[in-house]
Each structure stands twice: as structure tokens, then as C-alpha cells.
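Biologist: Could you walk me through reading a few features of a model? I'd like the general idea, then the case at hand.

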Amino acid sequence: GDPLYVKVNKLTSTKTQLPFSYYSLPYCQPERIVDNAENLGEVLRGDRIENSPYEFKMRKPRMCNIVCRKVLDKKTAKAFKEKIDDEYRVNMILDNLPLVVPVRRFDQENGVVYQHGFHVGLKGRYAGSKEEKQFINNHLTFTVKYHKDPHADSARIVGFEVKPFSVKHEYKGEWNEKTRLTTCDPQAKRAVTSSESPQEVEETREIIFTYDVEFQESDVKWAYRWDTYLLIADDQIHWFSIVNSLMTVLFLSGMVAMIMLRTLYRDISKYNQLETQEEAQEETGWKLVHGDVFRAPANSDLLCVYVGTGVQFFGMILVTMIFAFLGFLSPSNRGGLMTAMLLLWVFMGLFAGYSSVRLYKLFKGTEWKKITLKTAFMFPATIFSIFFVLNALIWGQKSSGAVPFRTMIALVLLWFGISVPLVFIGSHIGIQKPTIQDPVKTSKIPRQIPEQAWYMNPTFSILIGGILPFGAVLIELFFILTSIWLHQFYYLFGFLFIVFVILIVTCAEITIVLCYFQLCSEDYRWWWRSYLTSGSSALYLFLYAAFYFFTKLDITKPVSGVLYFGYMLIVSYSFFVLTGTIGFYACFRFTRLIYSSVKIE
């Protein structure tokens, strides 16, 4: 008999990707609408959680409860029609569980798939008519599943399902508070079981909103109530993709091991013997460039900034993954993932400042404050400006997905108030540390680089380098895109963690292999190339996102298309910074290792 309050969330559509608040449509309203946003992540996701006129009593079924009666005018009819055409779904929440519509799958025995939220309405034709009409789902049959406590009479909610129907309700006489419907009557035990005479959406039509609620006992314990939502249709494909990526990793590791053991061992022993045989002038290969290999590259300031940003990103992703892997960021905690990532990004500023200044000091730079400022502002400012433009577009569509002005200010405060000072503290610690010593001395005059073979052309080798890291994450990427743009839950953090480790290893190894070939052909400009080699996988990621857009999504509105590509641009740029930094550090360690093991007279 306890009261249960149903909350309403945003209206969502995979066709437009623009969420709207529930009361942007003329649905029945409670006396006072109260907003229940809980955290920063929810606001950024466009969740607008509000109270609703749907109230149940625990374990007390009700039939044909009338919520309200609405008569449509031109404006409200148009609003409903637009949302039905764009296939919008209504999302509700009861006891933190999202509302789902069970859909039977005929290819599996007793297979049921859960879809989030129910459609605002559907389109159809009357028999014998060619004109397509819109019909609204105005009768909802809710099923609340509960698990009884074996020792007491209390019970906990473990499921919240709905079957929507479109019904043209009828009644006798004039409408008043006590009118009884003839189409749906609890006393005559007439329930709505089908949408045979549906409710059309047209100007001046009246719509009566009704609902039933039934309670079902369930064997599902409260702790496992999210399992049905997170049920993965097929996890074999994930294992397949991981085995596939591991093959790539093994192949690359084999190559790296061959280079390290065979070539280096042979090269180093040969070089060290040469000294005794006085044949040093006939040297070939990577030792020839020992006087130039640690020469600072062009635009070294920019490289320092990018490396610092990459370290910040790497730290954020790594800690988020570990938290998610341990189960702290379950989808039941709406917006938890977003909030965690934002806060971690801000706190990782410390490492960004430290690593960019350490590298800057190695390049004998003196203006460390300038580098620190660039590290603190360059990447976030780029992302923020793209985000700001996209937000203005969403705002122009009057969508609830637009981030409110107050939240924008909160984000700017996080950035200026916490992130920037932390970058400076990191830089200060970095500048106090002794400079990293190069294993070999750099000559005064740069040596000439011989003409390179076509396959050692920088553009070609950089583009080749990005293919393998991208291949390693391709299948998981598909599932992540589906969860973001087709509104599914993504809860495979275990798989994701393995894939992330594979990505790190692949980026590191491909860069080392290509860097070695480059040094062997006496080209010592490896600083930027090592960053771009693995970073170029971001280009493939963006191209794949475009392919996904045209093959999997049926987005028709231009604004939604711009949003999709804008957000994917942010994702690709971040991926570039992350993979580039991994490649750079791998190559950095590798060159120091090989040159420190050679005697140079």
C-alpha cells in the first residue's frame, strides 16, 4: 500500500538524436512540476527527470485509471504529430529503474528483448485508405515486478515494464470528473488488450489518457535487477574480436622481439667489434645518426603540449576504466560515468603539466610558463569551442540536450579553478627535477638525410601505422557507437579494459617497428613521426564513424547530422592525442635504450 511515484525522463529518438523534456509535449501534468536532476553527468546527457501524475500503491493493482482528458488544438496536434513522425520514445523511471517495453524475439525460445521507453505513437492507415495517419499511445498497461522478502511482508521493486496501446475511449453523456468509460471499465471488467480502434491525432480531437497497473511477483533478487537490462545479446563476438586483436599483438610482438634480439644484438656486437678492427668509417644503419637522433625537432613546443595533453587523457581513461571494471560506474548510477570522467580529467592536469615540462626541459627550453599555459588551454579550448557551437545548435532546436548556462559556468570553473592551477603545480614539480640526460652527444652540424625509398615516405608510413591500432578497437568501437547513438546500455567494461590494454601494446609496438626502419634508413626525424604514426588511427576512427552514420543510422535532420559529426570529431581528436602519446613514449624509450647500449668513440 506504500505510494510509488513514477518519474518521467526525456523523450529520445534515434532518428534525430535530440532529446526533449517530457512536458514539451502536452501530456497530463501534475499540480507542480519538480525537476530532479542529481549530478553533472545527467545534465550533460540531457536527462530531465521530473515528477508525473502516475502514482501507484504497492501491490494494489488498478484498472483503467483516468489521468486526464485533453482536447487538441492546432499547435498541440502538430507537436504530437512531429514527435510520432520522428519516432520519439517516452522514458520513465520507477525506483531508479528505467521503463522498458518487452519485445518478443521469434528466433530464440522465450527470447525477450527490452526496448527503452515506449513510442509516443505510431503511424498507420485505415483499411481501404491511402492516407497515413498518426495515432497516439494513450493507454499504458504497466507491470511492476517485485521480489518478496522471505522473512517479512515487505517487497522490493525489481522490474518496470509497459505495454502501450492506442485506444479511442468512449463514454456516455457529457464529460465530468465522474464519467465512466465504456471502452475501459474496471467494474464491468473491460480491459484494454489491443489497439483495434486507435486514437487518431488531429485538431479538435479529444484524447483521454488512461493506465492500468498490475503487480507480478518475481524470482529476481533486488541485487540482480539490472541484469535483464544489461543482458548482452551476444558476447561471442567480443571474444572473437579480442582473439583477433591478440593475433595482431602476437605478430607485432614477434616483430619487435626479432628486432630487439636479432638485429640489435647483431648490430651492437658488430659495432662494438668494428672499433677494434678500425673499420668504423664503413658504418651503416642506425648508428650513423647517433649525433642527430636526439636533436630537438621543429615545433618542439607544440610536441611538448601534445604529449602533456596525451598523458592527461591516458590517466583519465585508465582510472575511469579501472573504476568501471570494478563496478563503481554501473548504469544504475545515471550520469556517473560522465561525472567521473570530467573530474578525473581535471585532476589529471597535474600529470599533464609535469610531463610536458620534463620534455621541454630536455629540449633545453627556458620559458616553461609559456608551455604550461599552452598545455592548460590548447586542447580544452579546442574541445570547448566545438562543444559550444554544437550546444548552440541544440539550444536552437529547443532540445533538453542543450547544456544550461549555469552548467556551462560550472564547467568553466572546473577548468580554470582546478585544472589550470594543477597543471602549474605539475609543471613546477617537473622544472625542479634534473634534466633527462641523452645517452649520446648531439653534434653541432645536422647531417644530411639520404634520399628515402618510397615506402619510407613520412605520409605513407604514418598512414600505415594507424591501421593496426584502429583494427584492435574496431569491434568494441561498433558497440560503443551503438550504445551512444542507438540508446542501448553499454556495460562491457571487462572487455573494454582488455581491448584498451591491447590498444596500448599495439600502438607501442607498431611505432617501435616503424621507428627502427626509419633510423636504419638514416632518417633521424623521429620525434613527430612517432607521435603521428600511432595517432593516425584517429583518422580511420573518424572515417569509420562516417561509414557507421550512413549504414546504421537513419538520421534525416541536418542538425542531427552536424551533431553526430561534431561529437565524433571530438572523440577522434581525443583518440589522436591518446594513441599518439602512447606511440611517442614507446619510441622515446626505445631510442634511448638502443643508443645507450652502443660504445661511441
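Modeller: Here is a short tour of helix packing, aromatic rings and backbone angles. This is a predicted model, so local features need pLDDT of at least 70, side-chain atom pairs count only at pLDDT 80 or more, and totals for chains, interfaces and linings use all residues. Residues are numbered from 1 along each chain as its sequence is written, and side-chain values use heavy atoms, with hydrogens and water left out.

Biologist: Okay, helices. At what angle do the axes of α9 and α11 cross?

Modeller: Two packed helices are described by the angle between their axes and the distance between the axes. Here α9 (residues 458–485) and α11 (residues 527–535) cross at roughly 40 degrees, their axes coming within 6 Å. Axes are lines fitted to C-alpha atoms, for helices over the stretch in contact, with angles from 0 to 180 degrees between N-to-C directions. Helices (H or I, at least four residues) and strands (E, at least two) are DSSP runs, numbered from the N terminus.

Biologist: And what do we call that arrangement of α9 and α11?

Modeller: The two are therefore oblique to each other; under 35 degrees counts as roughly parallel, over 145 as roughly antiparallel, 65 to 115 as roughly perpendicular and the rest as oblique. On the α9 side, P458, S461, I462, G465 and G466 make the contact (heavy atoms within 4.5 Å), and on α11 it's R529, L532 and T533.

Biologist: Next, rings. How many aromatic pairs does the structure hold?

Modeller: Rings of Phe, Tyr and Trp (its six-membered ring) pair if their centres lie within 6.5 Å; planes under 30 degrees apart count as stacked, over 60 as edge-to-face and the rest as tilted. The structure holds 55 such pairs. F142 and F160 are stacked, at 5.6 Å centre to centre with 15 degrees between the planes. F142 sits in strand β11 and F160 in strand β12, so the pair ties together parts that are 18 residues apart in sequence. Both F142 and F160 are buried; that means under 20% relative accessible area, with exposed over 50% and partly exposed in between (1.4 Å probe, protein chains only).

Biologist: Last one: what is the sign of phi at N96 and K398?

Modeller: Most residues other than glycine have a negative phi. N96 has a positive value near 70 degrees, and K398 a positive one near 60 degrees. N96 lies in the loop between β4 and β5 and is partly exposed at 28% relative accessible area. K398 lies in the loop between α7 and α8 and is exposed at 70%.
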